[in-house]
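Got your viewer open? Get ready to select a few residues, and we'll walk through this one stop at a time.

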Amino acid sequence: IYPSGSKNTNASVKQNITIDKLAGCEAIATYLTEFVHNHFPGKKINITSGYRTPANNARTENSANKSNHMKGLAIDFNIPGVTITQLHSEFKKYWRYGLGTYSWGLHVSTNPRERFKGKG
C-alpha cells in the first residue's frame, strides 16, 4: 500500500481503503513472493505501485482512468538484477491474468481481460 515513490497519503488511504482492496493487493504480493522465491532465489521484489487512491491514480503518469490499482487488484514491480525481458518471459508462463510491461518493470493484475503491453 505504501511502496517507495507512492503519492498516497496516510489520510487518503485510510479514507479509501477497504478490506477487499487490501486483500487483493495482499494476494498478488503473496503470489509474487512465492514466484520470486521459486524462480529467482535470493532476489528481492521492488514494488513500485500497489493500491492507489483515486487522487493518487490521477496524479500517476500514464495511469488508466479505471486502473485496477484503485480496486486493489494490481501491483507494479521489478526485481533488481533481473532484466524486464527475462522477468516478463518467466512470469508470463505462470500468470494467467493481466500483465503489462514497462521499461522499469511489470504491471500485474487479477483481471484476466487486462492482457496488454501498456499503461497500468
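Start by selecting G98 and S109: S109 in β4 is the bridge partner of G98. Before moving on, some ground rules: this is a predicted model, where local features need pLDDT of at least 70 and side-chain atom pairs count only at pLDDT 80 or more, while totals for chains, interfaces and linings use all residues. Residues are numbered from 1 along each chain as its sequence is written, and side-chain values use heavy atoms, with hydrogens and water left out.

**Stop 1: around G98**

G98 sits in strand β3. Helices (H or I, at least four residues) and strands (E, at least two) are DSSP runs, numbered from the N terminus. Is G98 buried or exposed? With a relative accessibility of 0%, G98 counts as buried; buried means under 20% relative accessible area, exposed over 50%, and partly exposed in between (1.4 Å probe, protein chains only). Now add L73: the C-alpha atoms of G98 and L73 are 9.6 Å apart in space, although the two residues are 25 apart in sequence.

**Stop 2: the strands**

Select residues 98-101, which is β3, along with β4: the two pair antiparallel over 4 bridges. (Two strands pair if DSSP finds at least two bridges between them.) β3 and β4 make a hairpin, with 4 residues between them. Next, bring in β2, residues 74-78, which runs antiparallel to β4 and is joined to β4 by 4 bridges. There, F77 stands opposite L106 in β4.

Now show the side chains of β4, residues 106-109. L106 and V108 point one way, H107 and S109 point the other way, and all are buried.

**Stop 3: the rings**

How many aromatic pairs does the structure hold? There are 9. Rings of Phe, Tyr and Trp (its six-membered ring) pair if their centres lie within 6.5 Å; planes under 30 degrees apart count as stacked, over 60 as edge-to-face and the rest as tilted.

Pick Y31 and F91: their ring centres are 6.1 Å apart and their planes are at 85°, so this pair is edge-to-face. Because Y31 lies in helix α2 and F91 in helix α4, the pair ties together parts that are 60 residues apart in sequence. Y31 is partly exposed, at 28% relative accessible area, whereas F91 is buried, at 0%.

Keep Y31 and swap F91 for W95: here the ring centres are 4.9 Å apart and the planes are at 55°, so the pair is tilted. W95 lies in the loop between α4 and β3, so its pairing with Y31 in α2 links parts 64 residues apart in sequence. W95 is buried, at 4% relative accessible area.

To finish this stop, select Y31, F35, F40, F77, F91, Y94, W95 and Y97, which form one aromatic cluster.

**Stop 4: helix α2**

Select residues 19-39 for α2. Colour its buried residues, K21, G24, C25, I28, L32, F35 and V36. They cover an arc of only 95° around the axis (taken from the directions from the helix axis to the C-beta atoms), so they lie on the same side of α2. Turn to the other side of α2, and you'll find I19, D20, E26, E34 and H37 exposed.

**Last stop: confidence**

Colour by pLDDT, the predictor's confidence in each residue, from 0 to 100. The protein chain averages 82, and 79% of the residues score at least 70. Confidence is highest in α4 (residues 84-91), with a mean of 94, and lowest in α1 (residues 10-16), at 64. Over residues 1-5, the pLDDT is below 50. Where pLDDT is low, the predicted coordinates should not be read in detail.

Definitions and conventions. Contact means heavy atoms within 4.5 Å.
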